[in-house]
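Colleague: Mind if we go through this one together? I'd like to start with the surface and then work inwards.

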Amino acid sequence: MSSVNSVFLLLGSVIAAGFVLRKSGAVGENDYKIYFKLITTLIIPCLILSNFRTVELTPEYLSIFAVSCLFGMFLSALVYLLLPGKTRSQKGMAVLNFAGINVGFIGIPLAEALFGPEATPIMVAVHGGNAVTLYAFCVIHAQLYTEQGADWRAAGRRLATSPVLLALAAALLMAATGIHLPDFCYTFTDTITKINTPLSMLALGMTLDFNLGADERRLVFKMLPLRYLAGGLAAFALCALNLYPPLTRYTLVLFFLLPGAINCIAYCSEYDFHPKAAALFNSLSNVITFVLVWAVFGFLLPPL
């Protein structure tokens with residue numbers, strides 16, 4: 001588990017650096033929006049193209065893709081238990097932060113640290129399904145809570161031009177046909193993805209703020225146990241059904257325990273859905289994930 005501890009220690013240090021940069025005035029209050037824009041328009045598409053380069057669309061791969069997508073939708077439906085009596089923006093924040101899971105920034109490095117490089121293709125399949133939930137379902141769902149009312153035409157245009165979804169469609173098409181980009185293109189995408197995790201953690205630290213209203217704090221502290229209860233039940237069901245080989249099963253258990261997606265903070269900022277509360281939920285879920293990963297894979301489950 002020392003490699004896992006190193007991953008979380010490094011991530012926590014970068015988050016703290018982003019927090020200090022904002023508090024010291026070295027960066028502006030809203031500079032994090034530029035980083036999130038860069039992440040979603042360039043870095044994540046490059047990450048998908050690089051990770052899907054060697055994907056084979058086997059039945060197991062497609063089933064993992066579907067499981068990860070459906071789990072995100074299940075979470076966003078489950079959070080409706082917490083929404084009665086909440087404001088429009090509070091509902092939007094809760095639904096978006098339940099739908100997205102941090103696979104690309106944390107899931108893939110953690111899977112490699114825990115299970116070795118053999119787990120990477122499995123987590124890549126998870127990343128694909130989660131991308132559908134995060135970059136398509138979230139955009140559609142956000143329309144339900146916008147202050148101006150739902151604009152489905154604008155949402156459709158956004159989905160049709162989304163760099164992440166276009167990259168995912170291209171990656172899946174190349175995997176299905178066996179056609180790939182020139183080597184230079186993958187050298188470019190591999191280089192860009194190296195800044196993925198540190199830039200994302202810096203942006204998270206820059207949004208972190210503990211000065212929240214009482215209603216937002218209560219909602220966040222209700223969201224956290226429900227989120228991890230759902231993840232724990234899904235992990236238990238997966239192990240009980242024994243549908244996948246051990247490595248695939250353990251990688252999916254890790255997915256169910258991962259924290260919220262950082263990009264949900266960007267969505268909340270864009271739609272005015274309490275981005276500071278979203279950042280607090282994300283930061284606390286990172287801490288909870290560390291504790292659960294350490295306990296589950298260090299003590300509860302037998303080693304592979």
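**Loops, bridges and hollows**

Modeller: Thr-54 is exposed, with a relative accessible area of 67%. Bear in mind that this is a predicted model, where local features need pLDDT of at least 70, side-chain atom pairs count only at pLDDT 80 or more, and totals for chains, interfaces and linings use all residues. Residues are numbered from 1 along each chain as its sequence is written, and side-chain values use heavy atoms, with hydrogens and water left out.

Colleague: Where is the place of Thr-54?

Modeller: With 67% relative accessible area, Thr-54 counts as exposed because the cut-off is over 50% (buried is under 20%, partly exposed in between, with a 1.4 Å probe and protein chains only). Helices here are DSSP runs of H or I, at least four residues, numbered from the N terminus. Thr-54 sits in the loop between H2 and helix H3 (59-78).

Colleague: How many salt bridges does the structure hold?

Modeller: Side chains of opposite charge can pair when their charged atoms come close. The test is a side-chain nitrogen of Lys or Arg within 4 Å of a carboxyl oxygen of Asp or Glu. By that test, the number of salt bridges is three.

Colleague: Which residue forms a salt bridge with Asp-190?

Modeller: The closest N and O atoms of this pair are 3.1 Å apart. It links distant parts of the chain, 137 residues apart, with Asp-190 in helix H9 (residues 183-193) and its partner in the loop between H2 and H3. Asp-190 is partly exposed at 26%, and the partner is Arg-53.

Colleague: And which residue forms a salt bridge with Glu-270?

Modeller: Glu-270 is in helix H13, and its partner is in helix H7, 112 residues apart. At 46% relative accessibility, Glu-270 is partly exposed. The closest N and O atoms are 2.4 Å apart, and the partner is Arg-158.

Colleague: In which helix do Arg-218 and Asp-215 lie?

Modeller: Their side chains meet in a salt bridge, 2.4 Å from N to O. Arg-218 is partly exposed at 46%, and Asp-215 is partly exposed at 39%. The two are three residues apart, about one turn of the helix, and that helix is H11.

Colleague: On to the hollows. How much space lies in the largest pocket?

Modeller: On a 1 Å grid over the protein atoms alone, a pocket is an open set of points with protein on both sides within 12 Å along at least five of seven lines, while a cavity is a set where a 1.4 Å probe fits but cannot get out; lining residues have an atom within 4 Å of a point. The largest pocket has 17 lining residues, and among those nearest its centre are Arg-158 and Glu-270. Its space comes to about 400 Å³.

Colleague: What about the largest cavity: which element gives the largest share of its lining?

Modeller: The structure holds one cavity of 30 Å³ or more, with about 90 Å³ of space in the largest cavity. Of its 13 lining residues, the closest to its centre include His-127 and Asn-263. Helix H5 (103-115) and H6 each give two or more residues, and the largest share, four residues, comes from H6.

Colleague: Last one: where is His-274 found?

Modeller: His-274 has a positive phi of about 50° although it is not a glycine. At 24% relative accessibility, His-274 is partly exposed. It is found in the loop between H13 and helix H14 (275-300).

How values were computed: Points joined across faces, edges and corners; volume = space filled by probe spheres on them.
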